[in-house]
Amino acid sequence: MKKFLFLSILAVMAIGLMANTTITIKGSDTLVRLGQRWAEEYMKHNPETVIQVSGGGSGTGIAALLNGATDICESSRDMKEKEYKMAKDKGIETYRVAVALDGIAVFLNEKNPINTLTFDQLKGIYTGAITNWKEVGGVDARIIVYSRENNSGTYVFFKEHVLDEEDFSQYAQTLPGTAAVVNAVSRDEYGIGYGGIAWATGVKFAAVAKTAEDKAILPSNETVSSGEYPISRDLYWFFNGKPTGELKNLLNWALSEAGQKLAGEIDYVPLPKERAEKNMIQ
Amino acid sequence: MKAHESTISYGHDLLATNLEFKEKTRGLIPRGLTLAAVILIVLMLGVIMFNVIIGGIGIISWEFVSHPPEQGMEEGGVFPAIFGTVALVILMVIAVVPIGVLTAIYLHEYTSPTSKITRLIRVAIANLAGVPSIVFGLFGLGFFIAFIGGGLDWLFYSSEGPVWGQPAIIWAALTLALLTLPVVIVSTEEALRTIPRELIEASYALGGTKLQTIIRIIIPQALPGILTGSILAVSRGAGEVAPIMFTGAAYYLPYLPSKLNDQFMELGYHIYVMATQSPNIEATKPILYGTVLVLLVLTFLLNFVAIYIRSSMRKKRAA
Amino acid sequence: MPELVFKPKSKFWEFVGAKIISISALSALIGILLIFVFIFKEALPVFTNSEVQEEASLDKMTFKQEYYEGREAKYSWQPNSTVPKYSLYPLFLGTIKAAIIAMLFAAPLGIGAAIYSSEFASRRMRETIKPVIELLAAIPSVVLGFFALIVLATFLQNVLGLTFRLNALNAGIALGLAVIPIIFTVAEDAMTSVPRSLREAAIALGANPWQVSMTMVLPAALPGIAAGVVLGFGRAIGETMIVLMASGNAAIVSASFVESVRTFSATIAAELAEVVFGSTHYTVLFFIGTLLFVFTFAINLGGELVLGRIKEKLQGRTQ
């Protein structure tokens, strides 16, 4: 047993010595699965590079970028003015690239009779103005609102675009990841949640309409790619300065046909080809 | 017996039986209630362990403990988390045991129980034991990473990005060492108290210096207690998550920690992230339960060993 | 028998050895001072920096704020907002609610079990109960949090028909499980330390076992039991992982115990990763950490003082 441990430690150290470049990727929980798969694939073709990926929320990634603790920040939202200013103060030249698309889906429990919601209704539910399902045409029951922690890019995006910067209801349960939100709604008949469309099992999507007159659209790869689905967004990678060397190679690979195809396979929405090519660094 | 005496004795018997009855029943209700408390506690402990065992036993296998996670934590094993936990506590023990033991020896051999410095140290120990674990996490971030790590970077590595001023296994280990220091000190002190004073006095009488006595007599005699303390510290350190969340633990790393400034995967942290953030909770549930089972088994095993050593030490003292 | 032959050692090494030992011994003291200094240092801007005070002065963190013109003033914790809100009141309320539930659950069980163990149980039973309680104490808090999240929450929701699955009650019960061993250990210790003379006096006067307990032991042990409860409360206030996983983490201001809560410690754990070093949010989190530290420090100091004084009384010694 001791020998095995010793040998394994030696082996591991040997591997550690062999690896030349380490790339750190941190940030969005929405993006983390994609980042991990990209890292896995890329490392298969480039064994001298070691990429470590962790989540924690877009805010975490941005903070890490500003603190100098990561090479790539994954974010499901753009940086705020405050953050751009902080970066500048710290001498960090932020470089932003869209690497995939995403739609924020509204999750409903499969037993819920409601299938469509408008922006106004969503805003009312999430700010606490609307508290009962019957107010939006459903059963007479309290709406249990599931939300994300405030370091989530999804949280911030939802707040900006659906809530018009209003505060979430204090009764919104904050969960640490889209997965937790999906999990919660799948077990809660009266629950409602939101999150990236790449994650839904056991829940159904609500068709969302911007106003009562608009057609309600279900989120899908097509509707997000075309922009039809009203809560669509870019998923970003932020760098400190224009990426060079191994970082540049990784970025270009992710934006390549192979990388984007992989994204599509794990339920992310790939960028339209022209955009992907435009984002690559020559 | 004369008549009135027999009446008295009869009365006595009656009273005695009465009292006996009252005695038995008066004690019964509190006895029953408190026994209920004990049973309830045992029951809850049983429910937890039962639930974890049933949920996790299916997935425990050699593959589980020797393979890394695959397919987004839905398959594979938890070897890197086990490796990381072991590496972490080894570093922690190297840091905490010498300091803890020396502190206990100081309190036992170098000072009197009433001196001011002794009291101060004891107060510090007691309070260290009560500091919330997240505060240790803040401390690890603010002191080890920002101050010491940042300072090292500024002194030696100002050109590159952060080398030491970032989450690393060494900082996590040192943070945990501070957290478990009271455990080691208390256990060692308990062991020191079992050493017969005559042995120590004999050593001094034969011309041994304080240091010689400590090295040749005291430490060897206190070894069971030191061992107990180390084991309890390891058990505690392997289970704490809040102190390592920001000082080095990571959810998915493609490599095992091999340098002191590497990050690491860890069982407790893995459980936390998997339980709250995994994409497909049904698919990861078996692995989640399995990981919990591994951590629990590890913890309980360590505690059993420590309890055994401690009780045999106590029996030796009583003898 | 260890070999009691001493070769003459140099005075120099003796001196060095003694110095190393005394410096190590100060580690606990230095440790706790460092913790306070470094956490407070990062929280200082709350008192000194005007930019921080614009959003999070002491006043703003304590009292109702009118965040938007014309709307009613309220307590709100929403640090990520165009108008950041840093009221500590919802967090304070959440912490207290969870801790109260924990104590209501843990104190009767812990004290009850301690009474049984010390007053009614046979020697064998006592030696079985103690390890069981130690096993409960050994369970890492992340495992308790996991259990509360996955099993207890569903159980409570089904049995009580609750609207919110993750709530203060859920977290409170799991917290209680973590606190029971503390209360039990201190209370049981207090009761078994009551001098035999007191017990024997009561027996001589004709009391049955329960009367002995009720009239002699419990009153004598009361300060110790109270100290155990106080120390348990300190633990309940500071515990992180259980509330992080099981309480719902919603900063709600209400009196209900079946709604979600957000505690101080869980807030730090959930938000620390996303703060930029030096920002207002960062400062406020460290300020919360300082509050936690100071509060648990005071509680522990109080508890230890009481226990110390009891020991003096019972042992007739001035310590």
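**Figure 1. Chain C at a glance, with 14 helices and two strands.** Keep in mind that this is a predicted model. Chain C has a radius of gyration of 25 Å, while a compact globule of 319 residues would come out near 20 Å. Line a box up with the principal axes, and the C-alpha atoms of chain C fill roughly 75 × 65 × 35 Å. Of its 319 residues, 57% count as buried.

**Figure 2. The surface and charges of chain C.** About 13400 Å² of chain C is exposed, and carbon and sulfur atoms supply 65% of that. Chain C carries 24 positive and 22 negative charges, and the mean positions of the two sets sit 9 Å apart.

**Figure 3. A salt bridge between R77(A) and E83(A).** Here the closest N and O atoms are 3.1 Å apart. Are these partners buried or exposed? R77(A) is buried, at just 3% relative accessible area, and E83(A) is buried too, at 11%.

**Figure 4. A salt bridge within helix α10 of chain A.** K261(A) pairs up with E265(A), with 3.6 Å between the closest N and O atoms. Both lie in the helix spanning residues 257-265, four residues apart, or about one turn. Since the cut-off for exposed is over 50%, K261(A) counts as exposed at 56%, and so does E265(A) at 52%.

**Figure 5. R262(C) meets E271(C) in a salt bridge.** The closest N and O atoms are 2.6 Å apart, and both residues are buried. Shared partners link E149(A), R262(C) and E271(C) into one salt-bridge network. Over all chains, the whole structure has 27 salt bridges.

Key: Residues are numbered from 1 along each chain as its sequence is written. Chains are lettered from A and ligands numbered from 1 in the order in which they are written. This is a predicted model: local features need pLDDT of at least 70, side-chain atom pairs count only at pLDDT 80 or more; totals for chains, interfaces and linings use all residues. Side-chain values use heavy atoms; hydrogens and water are left out. The radius of gyration is taken over C-alpha atoms; the globule rule is 2.2 Å times the number of residues to the power 0.38. Buried means under 20% relative accessible area, exposed over 50%, partly exposed in between (1.4 Å probe, protein chains only). Accessible areas come from the Shrake-Rupley method with a 1.4 Å probe; for residues, only the protein chains shown count as cover. Lys and Arg count as positive and Asp and Glu as negative; His and the chain ends are not counted. The place of a charge is taken as NZ of Lys, CZ of Arg, CG of Asp or CD of Glu. A salt bridge is a side-chain nitrogen of Lys or Arg within 4 Å of a carboxyl oxygen of Asp or Glu.
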